[in-house]
Amino acid sequence: MRPHRGVIEEEDASTLKLGADFQDAHCLFVSEVKILLDASQRPNTSEVYQKSLNYVTQFNRFTNPDVVREVRAGMNEEPIHSLLTVFELAQLANLCCEEAEEAKALIPSLATKIDDDTLQNFLNQTLDLKKFQS
């Protein structure tokens, strides 16, 4: 819980109450952050930078930048784009779930927002991209 203008605001990612700081934030998924860190032109040897790079290297699901762009493009297609928030879409890309049921268990806010068939189609497209990256 955080005080915000005299009102205590309870944050809960499972219900998408992320707090005022994240109200209009654009979410990147781990593979996009990896690309940004790799493209950094200035050498950065700070401990935070190195830990961040290690994290995204370990949990990077999409190693090909073209595939990362394709995944992001898929997130911007209908109906998925209008049904889910950018936070939910980023989580789907990070988790790479194989089944709609698994995705809904890991991201509880999906349960009432998207039907299993639509979600499964998106997951299948994402998994196909992951499978065929070189």
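1. A residue is called buried when its relative accessible area is under 20%, and exposed when that area is over 50%. With that cut-off in hand, here are some notes on this model, which is a predicted one. Lys-34 makes a good opening case: its relative accessibility is 15%, so Lys-34 counts as buried. This lysine sits in helix H1, which covers residues 30-39. Its side chain has a polar contact, at 2.7 Å, with the side chain of Asp-38. Setting aside neighbours within four places in sequence, Lys-34 touches Val-56, Thr-57 and Asn-60.

2. Let me step back to the overall layout. The protein has seven helices and two strands, and from the N terminus the order of elements is β-β-α-α-α-α-α-α-α. The chain has 134 residues, of which 34% count as buried. Among contacts with a separation of 6 or more, 58% join residues 24 or more positions apart. The accessible surface is about 8800 Å², and carbon and sulfur atoms hold 52% of that area.

3. Which residues have the most contacts inside the largest nonpolar core? They are Phe-29, Leu-92, Leu-110 and Leu-119, in a core of 24 residues. At least two residues of this core come from each of helix H3 (65-75), helix H5 (86-95), helix H6 (100-106) and helix H7 (116-131). There is also a second, separate core of five residues, with Val-30, Tyr-49, Leu-53 and Val-56 among its members. Val-56 is also one of the residues in contact with Lys-34.

4. Leu-119 deserves a look of its own. Apart from neighbours within four places in sequence, Leu-119 is in contact with Leu-92, Ala-100, Ala-103, Lys-104, Leu-110 and Ile-114. Two of these partners, Leu-92 and Leu-110, are named with Leu-119 among the residues with the most contacts in the largest core.

5. Next comes helix H7, to which Leu-119 belongs as one of the buried residues. The others that are buried there are Thr-118, Gln-120, Phe-122, Leu-123, Thr-126 and Leu-127. Together, the buried residues of H7 pack against H3, helix H4 (80-83), H5 and H6. The length of the helix checks out: at 1.5 Å a residue, its 16 residues should span 22 Å, and the end C-alpha atoms are indeed 22 Å apart, so the two values agree. At the N-terminal end, Asp-115 acts as a cap, with a side-chain oxygen 3.1 Å from the backbone nitrogen of Asp-117.

6. One pair to display on screen is Glu-70 and Thr-126. Glu-70 lies in helix H3, and Thr-126 is among the buried residues of H7. The two are 56 residues apart along the chain, yet their C-alpha atoms are separated by 8.7 Å. Is Glu-70 buried or exposed? Neither label fits, because its relative accessible area of 48% makes Glu-70 partly exposed.

7. Returning to H1, what does its buried side pack against? The partners are helix H2 (47-59), H3 and H5. The buried residues of H1 are Val-30, Ser-31, Glu-32, Lys-34 and Leu-37. Val-30 also appears in the second core.

8. The cysteines may catch your eye. A search of the whole structure finds zero disulfides. Cys-96 is in no disulfide, and the nearest cysteine sulfur, that of Cys-97, is 7.9 Å away. That separation is too far for a bond, since a disulfide needs the two sulfur atoms within 2.5 Å. Both cysteines are nonetheless buried: Cys-96 has a relative accessible area of 11%, and Cys-97 has one of 2%.

9. Finally, two backbone features are worth checking. Most residues other than glycine have a negative phi, and most peptide bonds are trans. Cys-96 has a phi near 50 degrees, a positive value in a residue other than glycine, and Cys-96 is placed in the loop between H5 and H6. The peptide bond from Glu-78 to Pro-79 is cis, with omega near 5 degrees. Pro-79 has its place in the loop between H3 and H4.

Technical notes. Residues are numbered from 1 along each chain as its sequence is written. This is a predicted model: local features need pLDDT of at least 70, side-chain atom pairs count only at pLDDT 80 or more; totals for chains, interfaces and linings use all residues. Side-chain values use heavy atoms; hydrogens and water are left out. A nonpolar core is a set of buried Ala, Val, Leu, Ile, Met, Phe, Trp, Tyr and Cys residues joined through side-chain atoms within 4.5 Å. Buried means under 20% relative accessible area, exposed over 50%, partly exposed in between (1.4 Å probe, protein chains only). Helices (H or I, at least four residues) and strands (E, at least two) are DSSP runs, numbered from the N terminus. Contact means heavy atoms within 4.5 Å. The expected span of a helix is 1.5 Å times one less than its number of residues. A polar contact is a pair of N or O atoms within 3.5 Å; within protein, one must be able to donate a hydrogen and the other to accept it, and residues adjacent in sequence count only if both atoms are side-chain atoms. Accessible areas come from the Shrake-Rupley method with a 1.4 Å probe; for residues, only the protein chains shown count as cover.
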